[in-house]
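Subject: Handing over the two-chain model

Hi,

Here is the structure I promised to pass on. Have a look through it, and then read my notes underneath.

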Amino acid sequence: MTAVVDTPRLTAPQPRGGVVQSVGDSLVVAKRNLIRMMRIPEMIIFGLIQPIMFVVLFSYVFGGSVSIGGSLDPKGYREFLMAGIFAQTVTFATAGAGAGIADDMHKGLIDRFRSLPMARGAVLTGRTLADLVQTALTVVVLAIVGLLVGWRVHHGIPKALGAFALLLLLGYAFSWIGALIGLSVRTPEAATSGGLIWLFPVTFVSNAFVATSGMTPWLRHVAEWNPFSATVQACRDLFGNPGVVPSNAWPMQHPVIASLIWSLVIIVVFRTLAVRKYRSATA
Amino acid sequence: MPGAIYAEGLVKTFGDVKALDGVDLDVPEGTVLGLLGPNGAGKTTTVRVLTTLLQPDSGRATVAGIDVLKHPNEVRRAIGLSGQFAAVDEYLTGRENLQMVGQLYQMKAKEAKARAGELLDKFNLADAADRPAKTYSGGMRRRLDLAAALVVSPPVMFMDEPTTGLDPRNRQQLWEVIQELVAGGTTLLLTTQYLEEADHLAHDICVVDHGRVIERGTADQLKARTGGERVEVVVHQHEEIEPARAVLAGFGKGEVAVAEHTRKLTVPVTGGAKLLAEVIRELDNRGVEIDDIGLRRPTLDDVFISLTGHVAEQKEEEEAEKEEAK
């Protein structure tokens with residue numbers, strides 16, 4: 001090994017700063033995370049098995065027992081169910097983001113990144129962007145499974161695409177919650193379980209799997225204002241699926257706008273908290 | 001003018017623990033400072049403050065003349081950090097790792113790619129360049145980590161326990177790389193628990209304990225400060241201990257220590273090899289038969305133990321634990 005090092009000099013280019021650098025750095029980190037995902041295909045496969053299992057279990061176990069719009073037709077329940085499963089699946093991206101970032105902390109990679117002259121939020125933005133790609137892939141597979149069990153889109157492709165866009169935005173917003181969890185826990189294992197546990201009440205105390213009209217008033221109130229319910233309601237509306245329950249709650253009356261607002265608020269709040277946490281992160 | 005790395009009164013408290021309790025450092029440009037101390041002494045915390053990863057509670061620091069607290073991003077352009085754990089992405093190949101780091105140092109994608117290839121060649125990683133780092137041996141990973149710290153040839157380098165956990169052959173290899181680095185003019189701050197390593201690589205050594213620098217100087221100065229050299233004699237027979245003690249007492253600058261069952265006598269001396277020759281002649285005159293004789297200079301281990309008393313403490317603890325286990 002000869003001449004390993006050139007004469008030391010300040011060769012690092014002057015950072016461009018601003019949005020240009022932020023976007024550039026985020027894309028570099030996103031690329032890194034996508035390469036990782038492709039080299040660990042198990043992660044993607046496990047990520048697909050769970051929602052598919054939920055579709056099959058719910059359709060055949062609950063279908064026929066749950067009344068949707070006064071009908072016990074299992075086909076109706078399957079149509080009702082898909083929006084809920086889609087929304088639940090995209091929120092589970094939280095656990096992936098959390099575990100990934102906790103793992104980077106644990107291995108000392110976050111230290112490496114923090115010692116580089118890169119944009120502050122780029123490590124986290126890159127991670128959440130890569131998760132968004134994975135979420136999109138999962139949603140595509142899930143749509144195919146949905147079509148196989150009898151789910152259909154009734155209001156045309158453009159509206160359906162609008163629904164998918166709302167779903168991806170919700171998933172992206174939740175991955176920022178995951179990022180904050182990942183930075184706050186000590187081990188990747190804790191991030192995985194800590195990223196999942198609270199999602200169960202959030203996704204079940206909602207309109208995802210049963211109609212809110214059957215809930216006790218206070219629970220119904222919580223469910224209807226649940227950010228998650230707004231997206232589910234918006235998807236049913238846009239897909240033309242049954243189960244859009246009339247309600248006095250504003251988010252249920254304007255689900256598309258409510259879904260957008262909720263997701264954007266979550267992104268702004270949790271991105272701010274996560275980036276602040278990142279700046280003082282300690283392995 | 002302050003050196004390439006300069007710190008004054010760094011204090012950092014975690015809860016009740018004072019990790020740093022007023023650390024002062026001054027490393028002239030182009031030299032190596034070895035930060036030597038046991039686990040938990042504050043070495044890593046010092047490095048984390050100087051590399052902008054951690055805000056101190058008080059104190060100030062400059063690296064390459066740039067204020068660490070006021071302009072952290074400028075400091076980051078000027079430094080390379082090689083950590084205690086090899087901080088590379090194990091699912092990325094060596095090439096992908098280096099290219100990513102280059103781009104995050106704000107190099108253009110093409111430049112970063114070219115630089116990655118160059119470093120892989122120079123660090124003997126070319127054959128493994130397109131394999132995920134997961135498949136690398138410990139030594140290869142450490143070389144990759146070091147290469148990542150050198151992507152922009154930074155004027156100031158920080159290496160936190162660079163050889164911890166490496167086998168002797170890999171450690172030797174890494175030492176050669178570090179020596180070359182320094183020969184090129186890089187200023188280096190190196191932390192280590194290995195006294196041999198500090199002795200071998202560092203111009204100056206700071207002994208750190210409980211968040212404070214308790215001693216500083218060159219390896220030779222430190223050794224000299226902790227008492228000088230000693231003559232060690234092992235006599236052939238037990239009866240010869242007494243006459244040998246009498247001889248050594250005549251030459252020594254202190255008390256003669258005797259280990260009865262190993263028949264070993266030790267005495268502090270001054271005068272070096274010349275004195276040793278005289279001791280041998282005198283022992284011979286008195287008919288004392290010797291199995292072994294030598295002049296021992298204190299090692300950095302001796303320095304360390306005499307300064308911190310740590311090794312002894314740890315041993316006591318271990319023995320106490322063993323006692324309890326019984």
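Below is what I found, starting with the chains and ending with a few single residues.

First, the ground rules. This is a predicted model, where local features need pLDDT of at least 70 and side-chain atom pairs count only at pLDDT 80 or more, while totals for chains, interfaces and linings use all residues. Residues are numbered from 1 along each chain as its sequence is written, and chains are lettered from A and ligands numbered from 1 in the order in which they are written.

**The two chains**

Chain A has 13 helices and zero strands, with helices and strands taken as DSSP runs numbered from the N terminus (H or I over at least four residues for a helix, E over at least two for a strand). Its C-alpha atoms fill a box of roughly 80 × 35 × 35 Å along the principal axes. Of its 283 residues, 48% count as buried. Buried here is 20 or more other C-beta atoms within 10 Å of a residue's own, exposed is 12 or fewer, and partly exposed is in between, with C-beta atoms placed from the backbone.

Chain B mixes 12 helices with 14 strands, and its C-alpha trace spans about 80 × 50 × 45 Å along the principal axes. It has 326 residues, of which 46% count as buried.

Two residues are in contact if their C-beta atoms, placed from the backbone, lie within 7 Å. In chain A, 82% of the contacts with a separation of 6 or more join residues 24 or more positions apart. For chain B, 67% of the contacts between residues at least 6 apart in sequence join residues at least 24 apart.

**Where the chains meet**

How many residues does the contact take from each chain? Chain B gives 39 residues and chain A gives 30 residues. On the chain B side, the elements that give two or more residues are α2 (72-78), β6 (79-82), α3 (94-104) and α6 (168-183). The largest share of that side, five residues, comes from α3(B). By class, the side of chain B that touches chain A has 21 nonpolar, 11 polar and seven charged residues. For these classes, Ala, Val, Leu, Ile, Met, Phe, Trp, Tyr, Cys and Pro count as nonpolar, Asp, Glu, Lys and Arg as charged, and the others, Gly among them, as polar.

**Cores**

A nonpolar core is a set of buried Ala, Val, Leu, Ile, Met, Phe, Trp, Tyr and Cys residues joined through C-beta atoms within 7 Å. The largest one has 149 residues, and those with the most contacts inside it are Ala87(A), Cys235(A), Leu50(B), Val63(B) and Leu189(B). Helix α7 (residues 157-184) of chain A gives the most to this core, with 14 residues. Leaving aside neighbours within four places in sequence, the contacts of Leu189(B) include Ile5(B), Val27(B), Leu50(B) and Phe158(B). Another core, of 13 residues, lies apart from the largest one, and Val231(B), Val256(B), Leu265(B) and Val279(B) are among its members.

**Helix packing in chain B**

α3(B) and α5(B) pack at an angle of about 25°, with their axes 9 Å apart. That makes α3(B) roughly parallel to α5(B), the cut-off being an angle under 35 degrees. Gly94(B), Asn97(B), Leu98(B) and Val101(B) in α3(B) meet Leu144(B), Ala147(B) and Ala148(B) in α5(B).

Helix α5 (residues 138-149) of chain B also packs with α6(B), at an angle of about 15° with the axes 10 Å apart. α5(B) and α6(B) are therefore roughly parallel too. Gly138(B), Gly139(B), Arg142(B) and Leu146(B) in α5(B) meet Asn170(B), Gln173(B), Leu174(B) and Val177(B) in α6(B).

**Single residues to look at**

Most residues other than glycine have a negative phi. Ser153(B), in the loop between α5 and β7 (156-160) of chain B, has a positive phi of about 45°. Is Ser153(B) buried or partly exposed? Ser153(B) counts as partly exposed, because it has 19 C-beta neighbours inside 10 Å. Glu161(B), in the loop between β7 and α6 of chain B, also has a positive phi, near 45°. Glu161(B) is buried, with 21 other C-beta atoms within 10 Å.

Definitions and conventions:
Axes fitted to C-alpha atoms, helices over the stretch in contact; angles between N-to-C directions. Parallel < 35°, antiparallel > 145°, perpendicular 65-115°, else oblique.
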